[in-house]
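Let's take a walk through this structure together, beginning with a pair of charged side chains and then widening the view. Keep the sequence to hand as you read.

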Amino acid sequence: MHMKYPVLNIILHKDHVYKLIILTISLCLYSKEPHAQNTNNYIIEGSVIDSEEVPLPGVAVYTASHLHGTITDVNGYFTLNYHPNRSDSIEVCFRMLGYQLLQVTYEHNTSGIIIVLKPENLELKEALVTATRPSEIGSQYMIGNQAIQHSQSTHLGELMQLLPGQQYQTPTLNTPGQIVLRQAISTYKGAPSYGPAEAINSLGIKTIVDGMPLSNNANLQIYNSADSHTLNPSNKFSTVTGRGVDVRNIATENIESVKIIPGIPSAKYGDLTTGVVLVETKKGYTPWEATLKMDPRITLAGISKGFCSNNKVSSLNFNCNIAQSLKSENEADFAFKRLNTSAVFKNIFFNDNQLETTTSISFSSSFDEYFSNNINMKPEESMSSSDRHFSFSTGGKWYFNKKIFRVLNYHIGYSRQWQNSDLTKYRSESMQAVATAFKDTMMAVDIVPYTYLYDMKIEGIPTRLNARLNTDLAFQWDNIENLVTIGGEWSTDKNDGKGKIFDINNPPPLSSSQSLRPRAYNTIPSQNIFSAFLCNQFKTKILNKELTGNFGLRYDNFDPTNQSHVRKNTFWAPRLNMGFSPIKNFTIKAGWGKTAKSIPMLYLHPEKAYFDFLNLNYYKSLSGGEKEYFFLNTTRVYDTNNENLKISTSDKYELGLNYKNRFLTIDCTYFNERVDNAYSFSRLPVLLKRDKYELTEYKDKFNSDYKYIATDTLSRSYTKPDNTHKLINKGLELQLAIKKLAPIRTSFMLLGSFIESTFEQTKPIINTGSWNAKVFPVYKAGGGSYKKSVLTNLTAIHHIPALRYVVTLSMQTIWNEKNYSYYPSDAEYPIYLIKNGIDEYKLTEKEKQDYKRDLSTGKIEESLSPLFLFNLKISKEIGDHCNIMVSLNNLFFHNPIEKSERYENSFYQRNPPVYYGFKIQYKI
């Protein structure tokens, strides 16, 4: 694991980790000499008002540990009961939608306090328009509502540009929105280029909206998995099958905050390899709010409102917005349309042991359409894709306020998607036989005309049920404060769609060397995941210096009902984050953890490979337009299941330093993340024996006499699910924040990253060759691609509270962008040959030279020169009701052209094009 560091090998060996887990739990739960815990019950009581001294009902009041909580009544009054730890004070948080979060430290048993909450607007001293680092240990970023609004983003994925290492992109809804974290990405024509490595990264991200985890496990919208082709033959629209969640369907207009954990998450989170994205939507009372956003390609409009009951303990918040995006301002042949609606009901039950419940219902619908008025399409042809998503979830936090048993959390969620892709086109090729067999056979078949209109639909209905239950136990042993979370989770994914549908007598064209068959998705078994987790957040002091940590263990059973054919489906995931403060304002952080991603249905239940070839083809035109024909077709079917498929896992390491004082915050983190057994498809060759016949007597197209004349061999290939790659990302992340400098009323934020990404082939590569190949060379494993990115983003935030406006000017600098391919020694030469389909043969010297491959082009290092990009954003509040925002990206029209070092007469246009947008919000 770490051959260069034998001591680290010993410490982090899995057997020793498990022993450490058992020892830690034993010391915490079964110590014979526990320190006496403070069992007294204390209260904090008072009132909450706004800046005009009006009582604020419905304000959430809770301790910083989230172990105790209450809510203000109709008069703004609250009483918070709690059991303290050994400290002499307690930190209490006051939170209400639309107001600034306030955290205050009190002595025990404090009464008669008055809290004034200030509206979250640009009159505040600080405008939080960038991503911030929470005080918790581990790598985390928080994007608040002010930052979301000021970013003027159109979907969740665009918010990731506020993190280190992320490149600015032109806002668009015309391509799937994919989140990629901590990975070096090459750019092409000013936009990030996503390939197989980025797909693996995106697939490993867990996205959770209001407690409901979004899943892509049951997404099967693909043209033919046995040939690794998408539905998208003309690249006019695409799906995210096997590549994570399409986050462009998550509008930002109703998001209150987003928390991103790119590092080592708590053991509460599973089914991931990359990171976690936690989305919280708006809840509680809000005024009527109308939004209009426009730019040359995107138009967005929305309305929202939050209502409160008379006693102020119940609230209903709803949101509705629509959006349309064109491919470009000059091309209206391709449009994306989106509708988002949601309603969130929040209620408080009981007075003593309060139960805070949240129930949300949401519906979204998106539609891609390629219009037939394009010159390349006829009026009868069309391509479209739609995705409708319904989600229901309910959850609660029950404060028991007992000495040890503090909080019970539960969540139940159900989601259902209706994914439809429709492709209607003319087929104009050579004469094609109609193959209808689903098993190995030879039979007489009909033929289709040279030109005909075919229609293929893919109907998928991914459905998910998720339930989670956990409890928080707080206790103290000696000088260690512990918050132990114990819980379990169950998820079921199923696809109830009709699947791939077309008239088998008018099929789509051949997909490479294969034929297509209709396939139902609703016959595929459901995919179940059961998980149990235990984690402990602890705090103590060593030599009078604070040590904090989060230690956990998660157990995942990715097939508890034995529905799959994969042999091993369980995984133990230990995780640890630590923080130590040897001196004031300075913290050393370290973390290590393992995670695992379940096998999506695309890989778990792949399509069969169908090969059709003619044994006899007789066709004759007669006078009067009549014709006679007789075609014999052989079908060969190959099962593409892979019983040796393994669960994709990741190892994560972090080491960081944090310094914070009144004016300056510096956070620097080194990370090393490795994904093993990454999901992919490997291509296998197959040699098919074909008996050839000739006609002896014609009777009719399905019944004639023929005789055998010869046998030949055909070369074909198919793909099957496999674990063929590993992905390694390592580097440094930097966030430096300088508080507002009063003379110039400006604060500064510097984000920096140095990332190296390696995507390596772990299994030998078979060159399946051309259709007539009979010998298949096999090359060494170990080759791959290397990418490096050194990027900084310096943002100046000019804010004048009295004028209620904020201006941010960002300078993104790509200091170095590098990529090349690397190979093991003698990778140009095959290590053996495959003949006769399955047999392995040693190479002769002549064959070694004959099958030598040219790798020189890939080895050429592309190293691009430094690149600068300036973006400007302005937010201005007019009174208490109107907010106007303007954005201009690539402020100086800087789009340099750089010659490729790898490809002759090839050039790169760098930086995204100039973009300008306008957004207005009006509140009543």
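Lys 283 and Glu 280 form a salt bridge, with their closest N and O atoms 3.0 Å apart. This is a predicted model, so please read each distance here as a computed value. The two partners differ in their surroundings: Lys 283 counts as buried, because its relative accessibility of 16% falls under the 20% limit, whereas Glu 280, at 34%, is partly exposed. As a general point, side chains of opposite charge can pair when their charged atoms come close.

A second pair to look at is Glu 356 and Lys 346, whose closest N and O atoms are 3.5 Å apart in a salt bridge. Glu 356 sits in strand E19 (residues 355-370) and Lys 346 in strand E18 (residues 331-349), with their positions ten residues apart in the numbering. Glu 356 is partly exposed at 21% relative accessibility, and Lys 346 is partly exposed as well, with 22%.

For a link across a longer stretch of sequence, turn to Lys 701 and Asp 446, which are 255 residues apart. Their side chains meet in a salt bridge of 3.3 Å, N to O. Lys 701 lies in the loop between strand E36 (664-700) and strand E37 (703-741), while Asp 446 lies in the loop between strand E23 (441-445) and strand E24 (447-448). Lys 701 is partly exposed, with a relative accessible area of 29%, and Asp 446 is partly exposed at 23%.

Some charged residues join in a group: Arg 182, Lys 652, Glu 654, Glu 673 and Glu 733 are linked in a network of salt bridges. The count of salt bridges comes to 42.

Next comes Gln 183, in the loop between helix H3 (145-151) and strand E9 (187-188). Is Gln 183 buried or exposed? Its relative accessible area is 5%, so Gln 183 is buried. The side chain of Gln 183 makes a polar contact of 3.5 Å with that of Glu 198. Beyond its neighbours within four places in sequence, Gln 183 is in contact with residues including Ala 197, Asn 201, Leu 727 and Ile 755.

Now for the nonpolar interior. In soluble globular proteins, nonpolar side chains tend to be buried together. The largest nonpolar core here has 25 residues, of which Leu 220, Met 456, Phe 558, Ile 599, Tyr 603 and Tyr 679 touch the most other members. Strand E25 (451-460), strand E31 (570-583) and helix H5 (601-604) each supply at least two residues of this core, and the largest share, four residues, comes from H5. Leaving aside neighbours within four places in sequence, Ile 599 is in contact with several residues, among them Gln 527, Val 566, Leu 645 and Tyr 679. Apart from this core lies another, of 22 residues, including Ala 147, Ile 148, Leu 162 and Val 277.

Finally, step back to the whole chain. Its secondary structure comes to seven helices and 50 strands, and buried residues make up 54% of the 924 residues. Among contacts with a separation of 6 or more, 69% are between residues 24 or more positions apart. The C-alpha atoms fill a box of roughly 105 × 60 × 55 Å along the principal axes. The radius of gyration is 31 Å, which agrees with the value near 29 Å for a compact globule with 924 residues. The chain exposes about 41,000 Å², and carbon and sulfur atoms supply 56% of that area.

Notes: Residues are numbered from 1 along each chain as its sequence is written. This is a predicted model: local features need pLDDT of at least 70, side-chain atom pairs count only at pLDDT 80 or more; totals for chains, interfaces and linings use all residues. Side-chain values use heavy atoms; hydrogens and water are left out. Buried means under 20% relative accessible area, exposed over 50%, partly exposed in between (1.4 Å probe, protein chains only). A polar contact is a pair of N or O atoms within 3.5 Å; within protein, one must be able to donate a hydrogen and the other to accept it, and residues adjacent in sequence count only if both atoms are side-chain atoms. Contact means heavy atoms within 4.5 Å. A nonpolar core is a set of buried Ala, Val, Leu, Ile, Met, Phe, Trp, Tyr and Cys residues joined through side-chain atoms within 4.5 Å. The radius of gyration is taken over C-alpha atoms; the globule rule is 2.2 Å times the number of residues to the power 0.38. Accessible areas come from the Shrake-Rupley method with a 1.4 Å probe; for residues, only the protein chains shown count as cover. A salt bridge is a side-chain nitrogen of Lys or Arg within 4 Å of a carboxyl oxygen of Asp or Glu.
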